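Colleague: I am new to reading structures, and I would like to go through one with you slowly. Could you take my questions in turn and show me the reasoning behind each answer?

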Amino acid sequence: MTTPDVAVSASLVSIDDAPDVSLVVPVYDEAESLPELVERIRTACDEAGMTFDVWLIDDGSRDGSWGVIERLAADDSRIRGVRFRRNYGKSAALAVGFERAAGDLVMTLDADLQDDPAEIPAMAAMLREGGYDLVSGWKQKRHDPFEKRLPSKFFNGVTRAISGIDLHDFNSGIKIYRREVVKAVRVYGELHRYVPLLAKWEGYDRIGEKVVQHHARKHGRTKFGLERYLRGFLDLLTVVFLTRYLTRPMHFFGGFGSLAFLAGSLMGLWISVDKLVFGHPIGDRPLLLLAVTLVIVGTVLFCTGLLGELVVRPKMERTDAFDIAEMVGG
Ligand SMILES: Nc1nc2c(ncn2[C@@H]2O[C@H](COP(=O)(O)OP(=O)(O)O)[C@@H](O)[C@H]2O)c(=O)[nH]1
Ligand SMILES: [Mg+2]
């Protein structure tokens, strides 16, 4: 008789226990910043009367960040740490934080104090009152050197154009989400910049933007140079491909394949007529080479599309491939 009661109350407790906001902080060699960061998170949330927990995800730091995290966690049970054995990148850290975060809202924040924890209550309020799925911070006045700001402007422009999401600042680490959004997205590679895009793909498209304070780096140094931007750009192309064509590879490969095949065939036909009807030699004509190449490339692309269909088919045939938002009626 008592067992069900216990189970029910246990589950109620775990719901009541969920903090208002979980902060997910990727950490890579930020030992000097962490104590002040945690202190300022505590102040901001306490003043606003928000309950919170903090997930500090140490991604193979070598500057003693983990020791600092251990101390912070021992002092305050709301502070938790996860340590990766080696460096996996910011996206991996966010993915693990998103998996563990239990707060009603989940907010990401850089560890280096460039983002201001004082933004937590304001961003939470904007998300709730505006009915957004996520709100992204916009470092309108950015305190970074020019050689960082310029590539960033370029990538923001390209991402805006490709994704159709009207954000000024995809790069900013400060973003807040409803919990179900972070549970739905899969962040890997260099996709941490494109979480809004991943969210939109999952159907969470109420995306807001809030101007946030940005500060110059106090301690340590930046880990993001041009090379990581380039990797990020390639990942963007992957995402665009996957979001548009994951479930219908034939529309991508088959389309290009058919076009190439058709063009090659027409050229081949023309050049054959030229030889058979008009008697011109064609053995050394570039058009012959082009025609043959296009026919072969077209066939290969078409077959790639077919193989792709075979790969996605088992998944698409299952109804659990669809994320049902709500149901009604008995
Ligand atoms: N987990 C993880 N975090 C990282 C990595 N690189 C940078 N970060 C964190 O991401 C945040 C932003 O990095 P930062 O170097 O300040 O980039 P910037 O602000 O664009 O110059 C900081 O909290 C870093 O500690 C990484 O490889 N793994
Ligand atoms: Mg920074």
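Modeller: The questions and answers below concern a predicted model, and they go from the domains to single residues.

Colleague: How many Å separate the centres of domain 1 and domain 2?

Modeller: The domain assignment of the protein places domain 1 at residues 15-244 and domain 2 at residues 249-318. When the centres of these two domains are taken over C-alpha atoms, the separation between them is 46 Å.

Colleague: Are α10 and α11 roughly parallel or roughly antiparallel to each other?

Modeller: Helix α10 covers residues 249-276 and helix α11 covers residues 286-316, and their axes come within 7 Å of each other and cross at roughly 155°. Angles over 145 degrees count as roughly antiparallel. The two helices, α10 and α11, are therefore roughly antiparallel.

Colleague: Which residues make up the contact of α10 with α11, in terms of nonpolar, polar and charged?

Modeller: The crossing of α10 and α11 is left-handed. The residues of this contact of α10 with α11 divide into 1 charged, 11 polar and 20 nonpolar.

Colleague: Which residues coordinate the magnesium ion, and are they buried or exposed?

Modeller: The magnesium ion, which is ligand 2, is coordinated at 1.9 Å through OD of Asp 112 and OE1 of Gln 114. As for the surroundings of these residues, Asp 112 is buried, and Gln 114 is buried as well. The names asked for are thus Asp 112 and Gln 114, and the word for both is buried.

Colleague: What is the phi of Leu 113, and where is this residue placed?

Modeller: Leu 113 is found in the loop between β4 (105-108) and α5 (119-130). With a relative accessible area of 3%, Leu 113 is buried, because buried means under 20%. Although Leu 113 is not a glycine, its phi is positive, at about 70°.

Colleague: Is Asp 29 buried or partly exposed?

Modeller: Asp 29 sits in the loop between β1 (21-27) and α2 (34-48), and its phi is near 55°, a positive value in a residue other than glycine. Its relative accessibility is 25%, and the partly exposed class lies between under 20% for buried and over 50% for exposed. Asp 29 therefore counts as partly exposed.

Colleague: How far apart in space are the C-alpha atoms of Arg 42 and Pro 117?

Modeller: Arg 42 is in helix α2, and at 17% relative accessibility it counts as buried. Along the chain, Arg 42 and Pro 117 are 75 residues apart, while their C-alpha atoms are separated by 8.7 Å.

Colleague: Which residue is 81 residues apart in sequence from Leu 127, yet 7.6 Å apart in space?

Modeller: Leu 127 lies in helix α5, where its relative accessibility of 3% makes it count as buried. The residue 81 positions apart from Leu 127 in sequence, and 7.6 Å from it when taken C-alpha to C-alpha, is Gly 208.

Colleague: What distance separates the C-alpha atoms of Ala 93 and Val 187?

Modeller: Ala 93 belongs to helix α4, which covers residues 90-100, and this residue is buried, with a relative accessible area of 1%. Although Ala 93 and Val 187 are 94 residues apart along the chain, their C-alpha atoms are separated by 9.2 Å.

Colleague: And what is the distance in space between Ile 165 and Pro 196, C-alpha to C-alpha?

Modeller: Ile 165 is placed in the loop between α6 (146-163) and β6 (175-178), and with a relative accessible area of 6% it is buried. In sequence Ile 165 and Pro 196 are 31 residues apart, and in space, C-alpha to C-alpha, the distance is 8.0 Å.

Key. Residues are numbered from 1 along each chain as its sequence is written. Chains are lettered from A and ligands numbered from 1 in the order in which they are written. This is a predicted model: local features need pLDDT of at least 70, side-chain atom pairs count only at pLDDT 80 or more; totals for chains, interfaces and linings use all residues. Side-chain values use heavy atoms; hydrogens and water are left out. Domain bounds come from an automatic or database domain assignment. Axes are lines fitted to C-alpha atoms, for helices over the stretch in contact, and angles run from 0 to 180 degrees between N-to-C directions. Helices (H or I, at least four residues) and strands (E, at least two) are DSSP runs, numbered from the N terminus. Angles under 35 degrees count as roughly parallel, over 145 as roughly antiparallel, 65 to 115 as roughly perpendicular and the rest as oblique. A crossing is left-handed if the near helix is turned anticlockwise from the far one by less than a right angle, and right-handed if clockwise. Ala, Val, Leu, Ile, Met, Phe, Trp, Tyr, Cys and Pro count as nonpolar, Asp, Glu, Lys and Arg as charged, and the others, Gly among them, as polar. Donors are N, O and S atoms within 2.8 Å of the metal (3.2 Å for Na, K and Ca); water is not among the atoms, so sites may look incomplete. Buried means under 20% relative accessible area, exposed over 50%, partly exposed in between (1.4 Å probe, protein chains only).
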